[in-house]
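Biologist: I'm new to reading structures, and I'd like a close look at a single part of this one. Could you start with one buried spot and then walk me outwards from there?

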Amino acid sequence: GKVKVPTTLNSQSTDRRRWEQLGIDKTLATNANSVGDAYLELGCAMSFTCAPYLLPNKPSKGDNIMWGESNAVVFSNSVLGARTEKYADYFDICAAVVGLVPNTGVHQTENRKPSIVIDATDFIEEHLLPQIHADIVDEKCVYKSGIDLLFPAMGWLSGNLSDGRIPLILGFDLLPSVSRDNLKAFCAAYGTTGSSPLFHMANITPEAMGDNVINDMIQACGDKRVQVSKEDVVEAYTTLDSGKQSGDDISLVALGNPHLSVEEMKDLIDIISLDDRPKKENVDVIATLGRHIQSEADLLGYTRSLEEFGVTLLNDTCWCMLLHPPIIPSTNPSAKILTNSGKYAHYGPGLTNCNIRFGSMYQCIEAAKCGRMGSTKGAGMSWLRLFSTHTLMR
């Protein structure tokens, strides 16, 4: 058989082209590539990415699709306005072969309506905006502010607070900007704790635009409303930074869960370029990304710049598939992995048996340069210090 519709492939267990160079076990690589080959023979695209929404042929608002990867399901529904349930393995390839999806769940308009309000307005106005404006005094401070960390933390929290319902999330339109990558990080973390495949974010996501639409959604939710508190955010951040008690030494910086975008690669280069310190030899920095994105980055010179700093770029696979040495330092019980991904911070401890630290992209590069997870003091991250465990205990 062959697929009847355009079909992308999720990540597999190893980099298909560089597994031998990376020292991956031959049996593991051969088996992983054989599975991938079987899908390619069905006519699937050579994509192997957990972020198919970064590809040129991403779906549009109203399109009925079938995706299984959790972050992609949430992103496609919420940010693109496409329609898919969370589908299990093999169900998706069956749909690709027959060219049909079930007319159920969030494929139907009436099932896409929110039924709970998660209101972060007061939290953002009272605790976040004053600190952001104080931190960001020039372009360099945008990176040092660590504001990117807000989105995975809030995504993880919103999934928890939604209680299995589709939420309408209020307050994020007050922020100076919300980028596609911010939403990518939010969606991935939301998908770890939220069972619904969809959220709406007022005046940010396409199905929640305009005061009339938002007011109708709020009224339809009735008394189902949750106020986000400072304590909620503290709990989210400290839960994701689960390896804090193990210390600040970092063995591995894990980037690209979900797969990096071209814009994130540029951000990494800009942060690296803030000073001329090199990467510490005893810290590995590994990023996963799709082949299409790396091809774009090659043309822009981003790949070369990151590799010159010492970043290892992996294609075809992602962090939730990388479970063993030599990528994961599981032979060292004291090994600590630092990530800026809420999804990986959530799943990483169970997947790797390593201590996982959670930090901003800026903190990730700082750790690569100094070998330690630095404090937020003096880093222009006053909003994050406000919600530290020390502040909460005090």
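Modeller: Sure, let's start with Ser76, which counts as buried because its relative accessibility is 0%, and buried here means anything under 20%. Keep in mind as we go that this is a predicted model. Ser76 sits in helix 3. Which residues does Ser76 touch, once you leave out those up to four places away in sequence? They are Ile65, Trp67, Gly81, Ala82 and Thr84.

Now stay with helix 3 for a moment, since it leads us to a pocket. Helix 3 covers residues 70–80, and it supplies at least two residues of the lining of the largest pocket. Helix 2 (26–41), helix 4 (91–98) and helix 14 (342–352) each do that too. Helix 2 gives the largest share, with five residues. In total, 47 residues line this pocket, and those nearest its centre are Thr8, Leu9, Asn10, Gly68 and Asp92. The space inside comes to about 1200 Å³. What kinds of residues make up the lining of the largest pocket? There are 29 nonpolar ones, 13 polar ones and five charged ones.

Remember helix 14 from that lining, because it's our bridge to the next stop. Helix 14 packs on a sheet, so let's meet the sheet first. 

The sheet is open and has five strands in the order 7-6-5-8-9, with parallel pairing. At its edges are strand 7 and strand 9 (355–358), each pairing on one side only. On average, neighbouring strands here are turned by 25° against each other, direction ignored. Look at one pair up close: strand 5 and strand 6 (residues 284–288) run parallel and are joined by four bridges. Within that pair, Ala254 has Ile286 in strand 6 as its bridge partner. Back to helix 14: it touches strand 5, strand 8 and strand 9, and its direction makes about 170° with that of strand 9.

The loops around this sheet have some backbone oddities. Asn257 and Pro258 are joined by a cis peptide bond, with omega at about 5°. You'll find Pro258 in the loop between strand 5 (252–255) and helix 11. Another cis peptide bond runs from Pro325 to Pro326, with omega near 10°. Pro326 belongs to the loop between strand 7 (311–314) and strand 8 (336–339). Asp316 is found in the loop between strand 7 and strand 8 as well. Its phi is near 75°, a positive value in a residue other than glycine. Is Asp316 buried or exposed? Asp316 is buried, with a relative accessible area of 0%.

Next comes the second largest pocket, with a volume of about 630 Å³. Its lining has 32 residues, and Asp148, Ser179, Asp181, Asn182 and Asp267 lie nearest the centre. Helix 14 turns up here too, among the elements that give two or more residues, along with helix 6 (139–144), helix 7 (150–161), helix 8 (180–193), helix 11 (262–272) and helix 15 (361–370). Helix 8 gives the most, with five residues. Sorted by class, this lining holds 18 nonpolar, eight polar and six charged residues.

Follow helix 7 out of that pocket and you come to Asp163, in the loop between helix 7 and strand 2 (167–170). Asp163 also has a positive phi though it isn't glycine, near 55°. Where Asp316 is buried, Asp163 is exposed, with a relative accessible area of 60%.

Strand 2 takes us to our last stop, an open sheet of four strands in the order 3-2-1-4, with parallel pairing. Strand 3 (200–201) and strand 4 (225–227) stand at the edges with a single partner strand each, so one side of each has no neighbour in the sheet. Strand 1 (residues 116–119) and strand 2 run parallel, joined by four bridges. Ile118 stands opposite Ile169 in strand 2. Finally, helix 9 (residues 211–221) lies across strand 1, strand 2, strand 3 and strand 4, running at about 125° to strand 2.

How values were computed: Residues numbered from 1 in each chain as written. Predicted model: local features only at pLDDT ≥ 70, side-chain atom pairs only at ≥ 80, totals over all residues. Heavy atoms only, no water. 1 Å grid on protein atoms, 1.4 Å probe; cavity = no way out; pocket = protein on both sides within 12 Å on 5 of 7 lines; lining within 4 Å. Points joined across faces, edges and corners; volume = space filled by probe spheres on them. Nonpolar A, V, L, I, M, F, W, Y, C, P; charged D, E, K, R; others polar. Buried < 20%, exposed > 50% of the residue type's maximum accessible area, 1.4 Å probe, protein only. Pairing = 2+ DSSP bridges. Contact = heavy atoms within 4.5 Å. Axes fitted to C-alpha atoms, helices over the stretch in contact; angles between N-to-C directions.
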